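Here are my notes on the model you sent, set out as numbered points. They go from the cores to the overall form and then to single residues.

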Amino acid sequence: MDKLLWPCLVFVFMALSPCIIPAAGQDGAPLPFAAGMCANKVAGLMDKKNFAEAVQEIEAFQAKAKTVDPDTAHKKGYTHYYLDFLLGNCCMMMEKQGSGVVKKAALAYERAVKKYNGLYQGWLNLGRCRYTLKQMGKAAQAFIRGYNTAPEKKGAYLYQAAACYYFNADYQHALNAFNRLMNNHPAEVTLGRKEVLVNILFSLEKNRRALPYLRELAAKSKGDKKRTWQEVLLYQYMELGMDKQAVALASTLTRQEPEESKWWRALAHIHLDKKRLEKGLEAFMIYSFTTPLTTSETKLLADLYAGCNIPLEAARVYEDWLERIQNSPEGLSGMGRKKMTDRILAIAGAFRQGRDFQAALKWADRGLARGCDARLLAFKADLLFREKNYNAAYLAYKNLAGRERSPGRSWLMAGYAALSCDNPQQAKKAFSLACKYPKVKSAALAALEQIRAMRIGEEI
């Protein structure tokens with residue numbers, strides 16, 4: 001999750017005493033008098049927000065270690081871990097000056113925890129530095145060390161570690177940290193933190209395990225975030241093949257927000273995925289009332305009408321769909337002959353199915369005038385023959401035969417059309433041409449024999 005809300009980034013200071021600061025753990029060495037005096041002076045500078053001077057004061061004190069032997073440096077406190085910790089704090093108070101001071105703070109904290117591994121405040125502040133520097137893997141490790149060494153365990157440290165592991169695409173370690181959070185601090189697993197858990201589980205393809213948290217997020221979130229999680233939950237039901245749950249949730253959402261178009265669209269697609277065309281059409285129709293349809297959605301609505309045997313409504317929507325394409329910047333000319341033929345055939349076919357044959361022929365003629373391919377001419381010829389307009393059908397089949405590589409059927413049908421309008425000479429010519437093609441040869445020969453029989457009968 002890119003927009004992660006951190007509850008509070010850890011930044012820990014240690015209280016200062018006039019002289020000796022007791023160690024936080026058994027391994028920490030007391031602060032010698034000289035180092036304590038330096039620390040007190042630095043505290044005064046920090047109170048006045050003179051952080052740069054405080055840094056100079058610490059570094060000047062630490063530099064004295066180079067002028068004496070190691071034993072003396074240790075006794076004076078020149079190399080004491082607490083001064084490194086304090087230096088890191090001063091640098092972090094200047095972090096707005098850029099990444100340079102943050103890097104310096106990180107190095108100081110690293111020295112501090114190296115000298116005293118139990119300095120949990122140092123680990124936590126180091127984690128914050130690494131996070132600021134976008135070094136998420138190192139940040140996560142520091143937060144874990146801070147949690148492990150802290151006398152008072154806080155779930156925030158584990159959450160921050162989990163989040164950093166997630167940002168570093170180390171999803172299994174992120175889940176491990178989150179599991180510790182849930183096991184050790186269940187009361188601190190807030191709704192906002194569960195958002196990160198869901199994203200971790202998705203990244204590990206443990207989508208089914210995320211469902212309980214998704215349901216809670218969808219139920220308890222507010223405003224736009226609530227809708228987002230409802231949508232995610234619905235999508236997961238669909239992806240996981242949980243049809244009953246998907247239908248139930250989508251139906252609930254359409255009742256709760258009937259004006260929200262995306263719930264109707266989702267419900268339609270749930271039904272369509274399961275081939276429930278009539279229910280899908282019903283939901284998609286309501287969707288079309290709540291929002292203007294795109295060109296592709298208009299085509300889908302028309303297809304649904306056709307699939308549910310409502311041809312005239314399908315034709316009406318197909319017309320709207322084609323008009324949208326015609327009015328688009330690309331227009332009909334940009335789609336190519338095949339696609340244009342497909343689309344006009346869909347409209348003409350819908351009118352034919354609705355028994356509005358005149359409208360079907362009208363669309364066939366419009367398509368042919370635009371240069372559609374031979375399939376539309378075949379559609380027109382068959383429709384004319386069906387309507388017993390045999391003269392026009394003969395001309396259409398003859399024209400079609402001239403556009404085909406294998407026009408056997410077209411010549412055969414032209415012959416039938418000519419024979420039906422009492423023109424045996426044209427029929428004989430058409431059937432003779434059809435005889436050249438094996439698939440229709442036997443039918444053509446039979447028709448020619450019928451014509452011969454008719455002539456013999458006339459002569460007798």
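**Notes on the predicted model**

1. The largest nonpolar core holds 114 residues, and Phe178, Leu234 and Phe431 are the ones with the most contacts inside it. The model is a predicted one. Setting aside residues up to four places away in sequence, Phe178 touches Tyr159, Ala162, Val189, Arg193, Lys194, Val196, Leu197 and Ile200. There is also a second, separate core, of 40 residues; Phe51, Cys90, Tyr109 and Leu119 are among its members.

2. Which secondary structure does the protein have, in helices and strands? The count is 24 helices and zero strands. Of the contacts between residues at least 6 apart in sequence, 52% join residues at least 24 apart.

3. On overall form, the radius of gyration is 41 Å, whereas a compact globule of 460 residues would have one near 23 Å. Along the principal axes, the C-alpha atoms fill a box of roughly 140 × 45 × 35 Å. Buried residues account for 47% of the 460 residues.

4. On the surface, the protein exposes about 23900 Å², and 52% of this is supplied by carbon and sulfur atoms. There are 68 positive and 45 negative side chains. The centres of these two sets lie 3 Å apart.

5. Ser261 has its place in helix H14, which covers residues 261–273. Is Ser261 buried or exposed? Ser261 counts as buried because its relative accessibility is 17%, and the cut-off for buried is under 20%. Apart from neighbours within four places in sequence, Ser261 is in contact with Tyr287, Thr290 and Thr291.

6. Met238 lies in helix H12, residues 223–239. With a relative accessible area of 30%, Met238 is partly exposed, a class that runs between the 20% and 50% cut-offs. Residues up to four places away in sequence aside, Met238 touches Ala246, Ile270 and Asp273. Ile270 and Asp273 fall within the residue range of helix H14, 261–273. How far apart are the C-alpha atoms of Met238 and Thr132? They are separated by 39 Å, with the two positions 106 residues apart along the chain.

7. Met454 is found in helix H24, residues 438–459. Its relative accessibility of 32% makes Met454 partly exposed. Met454 and Pro424 are 30 residues apart along the chain, and their C-alpha atoms are separated by 9.3 Å. Pro424 carries the number at which helix H23 (424–434) begins.

8. Asn389 sits in the loop between helix H20 (374–386) and helix H21 (390–401). Asn389 counts as partly exposed, at 36% relative accessibility. What is the C-alpha to C-alpha distance from Asn389 to Cys421? The two are 8.7 Å apart in space and 32 residues apart in sequence.

9. Two loop residues deserve a check of the backbone. In general, most residues other than glycine have a negative phi. Glu205 has a positive phi, near 60°, and lies in the loop between helix H10 (191–203) and helix H11 (207–220). Glu205 is exposed because its relative accessible area is 71%, against a cut-off of over 50%. Asp422 also has a positive phi, near 60°. The loop that holds Asp422 runs between helix H22 (408–420) and helix H23 (424–434). Asp422 is exposed as well, with a relative accessible area of 64%.

10. Where does Lys66 lie? Lys66 is found in the loop between helix H2 (51–63) and helix H3 (70–76). At a relative accessible area of 79%, Lys66 is exposed. Lys66 and Ala163 are 97 residues apart along the chain, and 41 Å separates their C-alpha atoms.

Conventions
Residues are numbered from 1 along each chain as its sequence is written. This is a predicted model: local features need pLDDT of at least 70, side-chain atom pairs count only at pLDDT 80 or more; totals for chains, interfaces and linings use all residues. Side-chain values use heavy atoms; hydrogens and water are left out. Helices (H or I, at least four residues) and strands (E, at least two) are DSSP runs, numbered from the N terminus. The radius of gyration is taken over C-alpha atoms; the globule rule is 2.2 Å times the number of residues to the power 0.38. Buried means under 20% relative accessible area, exposed over 50%, partly exposed in between (1.4 Å probe, protein chains only). Contact means heavy atoms within 4.5 Å. Accessible areas come from the Shrake-Rupley method with a 1.4 Å probe; for residues, only the protein chains shown count as cover. Lys and Arg count as positive and Asp and Glu as negative; His and the chain ends are not counted. The place of a charge is taken as NZ of Lys, CZ of Arg, CG of Asp or CD of Glu. A nonpolar core is a set of buried Ala, Val, Leu, Ile, Met, Phe, Trp, Tyr and Cys residues joined through side-chain atoms within 4.5 Å.
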